[in-house]
Amino acid sequence: MTTRAAAARRVAVRVDGIVQGVGFRPYVFRLAEDLRLSGFVRNDTRGVLIEIEGPDRSVELFLRRLPGELPPLARVERTGVAELDPTGGEGFVIDGSDAGGRALALVCADSAPCPDCLRELWDPEDRRHRYPFINCTNCGPRFTIVRGVPYDRPLTTMAGFEMCLACRHEYTDPRDRRFHAQPNACPRCGPQLILVGGRGTAGGDRIGEAAALMRDGAIVAIKGLGGYHLACRADDRGAVARLRSRKRREDKPFALMGADLRALGELVELDPITAALLPSPQRPIVLALRRRGARVAPQVAPASRELGVMLPSTPLHHLLLEAARTPLVMTSGNLSDEPIAYEDVDALERLSAVADAFLLHDRPIHVRADDSVVRVARGRPLMLRRSRGYVPDALTLPRPARRPLLACGAHLKSTFCLVRRDRAWVGHHIGDLDDAATRVAYAEGIAHFERLFDVRPRVVAHDLHPDYASTAYALEREGVRTVGVQHHHAHLAACLAEHGSTGPAVGAIYDGSGHGLDGTVWGGEILVGDLCGVERAGHLLPVRLPGGDRAARQPWRMAAAWLQAAGAASALPPESLRRAVPHEQWETVCEMARRGFSAPWTTSAGRLLDAVSALCGIRATCTYEGQAAIELEALADVTDNGAYELPVGGDLVIDPRPAIRAALGDVDAGVPAALVSARMHRALARATAAACSAAAEQAGLHRVVLSGGVFQNRLLLEWTTAACAERGLDVLVPRALPPNDGGISFGQAAVAIAQGA
Ligand code: ZN
Ligand code: ZN
Ligand code: FE
């Protein structure tokens, strides 16, 4: 007995990271019981606090085993161990959530059903056989059902469902997989499905009936995790065409959902990275090359060589896809340019003109979250939209903030970012702030995150653009210090900070538009600097933007501007545009470009690619943002090795005029658009690498960042990266955050912190 007392040791273990609501405490409990240690584990404001006591050897074993057998959703970022005086206590306990008023650390992202739950879902003997809301500590809804903190059932949208005895037993047993699984439920006590607009023919099998409706060509609105989807058969031309016209969405591709990888493999090429990404717990939409002969209606993704595909993200989707026996279109349940519908009344009202039936359920959605979108480039995932499944997992900043901070993001593809110390919570994709309903969702989202993560911002960072709704929001906040951050500097900073770097680096930042320091529209920038500040080392040759914002929707205007700049404009539009553009309008726009009337200067790389797209006759007018450049890329013949002449001047001005003249010559000579596209992409990639190399040499640097929305273009990203590597440059590209304006808020935060805010 005396030897046991002599060897007793007590330590406190602090664990930071994603350790709450993911089964971490029961995991610790089982480990401690296994090793016969006494003490406790509890959630607190920072993460998890453990105290254990027992023989030295067992304590050592505990510390060694702790990081090795973590629950699937847990992620440990830091641990700290401190020695304490033994107390001689007996037994190990799990302390209830700390309700001391302060927010608990990390609410985690929604997760697709885990393998254990799927096994139960399909098991006829299991009490949750075919139950659409099955979940456990290792999976299920999280972020979208949390109303407040602490993350406990009463503060989720599950509060209204009282657990039955069997569920409660699981919930309170630390040895059970469902211990403290807040959304725990079963067919007896949990959420139920509702089918509106069905024919009542399937004997209460609502999923079977919804699937049958779709098999017959119907459009069904389906309530998912973070909002509604509109669904129909992917191979039904009539249904997809109806969906397009009812939704008033002309060309923007629809995403598809397939039952499993085998089903998706018949639609797209599954390279190993795509095949690993699709079944990840985040279940993003992955853009992948369409397979020849894929049984998909042409209206699903017109003018695209890719299809956006995903696997079921909830048990309901698993059951639905099984019943449908064919891949389904799964597009967000909104009319064009409106935020995704997420409240039942709202959805029924807004979508009644689009959907033939509604498959609903009675578990409310508290936060809307669109599907996330990823593309594979250079053999690695490239995030295009970071939302469901990823949000609100925190990112780590390279330097901690001295005071709590909010960064307001940009205007299109807006996100916000809240910071406490070195933790940054980038919010879900909100969308374009032109729309009043979206602006409300934006402000509500910020307020929700402030409560969830207990951040009361004292500093607010924003874009320099005076007309962005996010800037207006920032300037209206009271009692805070505001910090304006230049748009392209924020793009550069976001990429550096995501990779844990503070710079310095050279940045080639290419996008559609951003407010420049000289008041003109920037978008083809070669920057040199760090998180704190940048200098503009070079840029694309400025041209006119005839009609301002209208030029982004009507790429033919940019064709006119570039032809004008290149001295190649004539009174008539080029042959390729003659049918799409009225001659008088062409003349007016050329005149605007020549005289600078209603035509500000721009260095936008996005608008340059728009101009080429229009010049090739691919797209004279857009129906969604970036369409012209997206279709130009999609069509490029990558086997062509040619490149136009695109010189970089001594002052690092990248001059596309010779390339524009050469492209016009090719188009007039009947060279296919696929070749013109490839030659222009290659020319721009080489010129960009040359400019970066020159800027790097001047500054004595080797690191180059490629970011901005234009680098969602895989061709340009891959070719520019290769050209930079050939010049001995070390290339960084965004990974965890999108290169587009969805990453701006995080970059603004990094800059504001570096500037001492
Ligand atoms: Zn599970
Ligand atoms: Zn139950
Ligand atoms: Fe941008």
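Analyst: A residue counts as buried when its relative accessible area is under 20%. Keep that cut-off handy, and remember that we're looking at a predicted model.

User: Okay, let's try it out. Why does aspartate 741 count as buried?

Analyst: Its relative accessibility is 12%, and the limit is 20%, so aspartate 741 falls on the buried side. Histidine 491 is buried too, with a relative accessible area of 2%.

User: What makes these two residues a pair?

Analyst: They share a metal. The iron ion (ligand 3) is coordinated by His487 (NE2), His491 (NE2), Asp511 (OD) and Asp741 (OD), at 2.1 to 2.3 Å. A donor has to be within 2.8 Å of the metal, so those distances qualify. Along the chain, the donor residues follow the spacing H-x3-H-x19-D-x229-D. Histidine 491 lies in helix H14 (residues 487-498), while aspartate 741 is in the loop between strand E29 (730-732) and H23, so the pair ties together parts that are 250 residues apart in sequence.

User: What makes the arrangement around the iron ion (ligand 3) irregular?

Analyst: The angles do. The four donor atoms subtend angles of 86 to 172°. Tetrahedral would need all angles between 85 and 135 degrees, and 172° breaks that, so tetrahedral is out and the arrangement is irregular.

User: And how do you know what the site of the zinc ion (ligand 1) is?

Analyst: Use the angle test again. Here the four donor atoms make angles of 102 to 120°, which sit between 85 and 135 degrees, so this site is tetrahedral. The donors are Cys114 (SG), Cys117 (SG), Cys136 (SG) and Cys139 (SG), at 2.3 Å, and the spacing of these residues in sequence is C-x2-C-x18-C-x2-C.

User: What does the pair of cysteine 114 and cysteine 136 tie together?

Analyst: Cysteine 114 lies in the loop between strand E5 (92-94) and helix H4 (115-121), and cysteine 136 in the loop between H4 and helix H5 (165-172), so the pair ties together parts that are 22 residues apart in sequence. Both cysteine 114 and cysteine 136 are buried.

User: Back to H23, then. Why is H23 largely enclosed by the rest of the structure?

Analyst: Eleven of its eleven residues are buried, so H23 is largely enclosed. Among them are Ile744, Phe746, Gln748 and Val751. After the helix comes glycine 756, with a positive phi near 95°.

User: Which strands make up the open sheet of six?

Analyst: The order is E16-E19-E18-E17-E20-E21, with mixed pairing. Why call strand E16 (395-396) and strand E21 (481-485) edge strands? Each pairs on one side only. Inside the sheet, strand E17 (residues 405-407) and strand E18 (residues 417-420) are antiparallel, with three bridges. Pairing takes at least two bridges, so three are enough. One bridge sets leucine 405 against valine 419 in E18. Helix H23 (residues 744-754) packs on this sheet, touching E16, E17, E18, strand E19 (423-426), E20 and E21, and its direction makes about 135° with that of E17.

User: What about the open sheet of five strands?

Analyst: That one runs E4-E1-E3-E2-E5, with mixed pairing. Its edge strands are strand E4 (75-84) and E5. E1 and E4 run antiparallel and are joined by nine bridges, with valine 11 opposite glutamate 83 in E4. Helix H3 (residues 56-65) lies across E1, E3 and E4, at about 150° to E3.

User: Is arginine 14 in strand E1 buried or exposed?

Analyst: Arginine 14 has a relative accessible area of 16%, and with the limit at 20% it is buried, because its value is under the cut-off. Outside its sequence neighbours within four places, arginine 14 is in contact with residues including Asp44, Val48 and Arg78.

User: Last one: which residues touch the most other members in the largest nonpolar core?

Analyst: They are Ile222, Leu320, Met330, Val506, Tyr510 and Ile526, in a core of 117 residues. Helix H21 (residues 673-699) gives the most to this core, twelve residues. There's also a second, separate core of 38 residues, which includes Ala750, Ala752 and Ile753. Those three are also on the list of buried residues of H23.

How values were computed
Residues numbered from 1 in each chain as written. Chains lettered and ligands numbered in written order. Predicted model: local features only at pLDDT ≥ 70, side-chain atom pairs only at ≥ 80, totals over all residues. Heavy atoms only, no water. Buried < 20%, exposed > 50% of the residue type's maximum accessible area, 1.4 Å probe, protein only. Contact = heavy atoms within 4.5 Å. Donors = N, O, S within 2.8 Å, 3.2 Å for Na, K, Ca; no water. Tetrahedral: all angles 85-135°; square planar, octahedral: opposite > 155°, others 65-115°. Helix = DSSP H or I, 4+ residues; strand = E, 2+ residues; numbered from the N terminus. Core = buried A, V, L, I, M, F, W, Y, C linked by side-chain atoms within 4.5 Å. Axes fitted to C-alpha atoms, helices over the stretch in contact; angles between N-to-C directions.
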